[in-house]
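Hi,

Here is the structure I promised to send over. Have a look at it first, and then read on for my notes.

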Amino acid sequence: MPFRRCYPSDLTDEEWALLEPLIPAPKPGGRPAKVSRREIMNAILYVLKNGIPWRAMPHDLPHWSTVYHYFRQWQKEGVWEKAVQALVRRDRD
């Protein structure tokens, strides 16, 4: 993915190191992932922190439908809840 400017909602390296083990890796044997899991997380956080519709995401982030797909999938699988809990625990410490 080409270079893009950072948004205040982007994960820090420390936050990503905390979350990366919780995020499912791309499934083996399938098509290679075009978008990194970190960029998907950054896009989800951008939408949630700014309170915007999915379709109103900036064009330098991954396509809204890709981001929404992963958000819903991770939400159904309980991944999103674990990620949020990990960030909240880190903020309390």
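Helix 3 gives the largest pocket the biggest share of its lining, 6 residues. Keep in mind that this is a predicted model. Helix 3 (64–77) has company there, as helix 2 (37–50) also supplies at least two residues of that lining.

The pocket itself comes out at a volume of about 430 Å³. It is lined by 18 residues, and the ones closest to its centre are P26, R31, A33, R37 and Y70. In terms of character, the lining is a mix: 9 nonpolar residues, 5 charged and 4 polar.

Now back to helix 3, since I spent some time on it. Does its length add up, or is it off? With 14 residues at 1.5 Å a residue, helix 3 should span 20 Å, and its end C-alpha atoms are indeed 20 Å apart, so the two agree.

Which residues of helix 3 are buried? They are V67, Y70, F71 and W74. Looking down the helix axis, you find these buried residues within an arc of 105°, so they line one face of helix 3. As for what they pack against, the partners are helix 2 and helix 4 (79–92). Y70 is worth a click while you have the model open: it is one of the buried residues of helix 3, and it is also among the residues closest to the centre of the largest pocket.

One last detail, about the backbone: G78, just after helix 3, has a positive phi of about 85°.

Cheers

Technical notes: Residues are numbered from 1 along each chain as its sequence is written. This is a predicted model: local features need pLDDT of at least 70, side-chain atom pairs count only at pLDDT 80 or more; totals for chains, interfaces and linings use all residues. Side-chain values use heavy atoms; hydrogens and water are left out. On a 1 Å grid over the protein atoms alone, a cavity is a set of points where a 1.4 Å probe fits but cannot get out, and a pocket is an open set with protein on both sides within 12 Å along at least five of seven lines; lining residues have an atom within 4 Å of a point. Grid points are joined across faces, edges and corners, and a volume is the space filled by probe spheres set on the points. Helices (H or I, at least four residues) and strands (E, at least two) are DSSP runs, numbered from the N terminus. Ala, Val, Leu, Ile, Met, Phe, Trp, Tyr, Cys and Pro count as nonpolar, Asp, Glu, Lys and Arg as charged, and the others, Gly among them, as polar. The expected span of a helix is 1.5 Å times one less than its number of residues. Buried means under 20% relative accessible area, exposed over 50%, partly exposed in between (1.4 Å probe, protein chains only). The arc is that of the directions from the helix axis to the C-beta atoms. Contact means heavy atoms within 4.5 Å.
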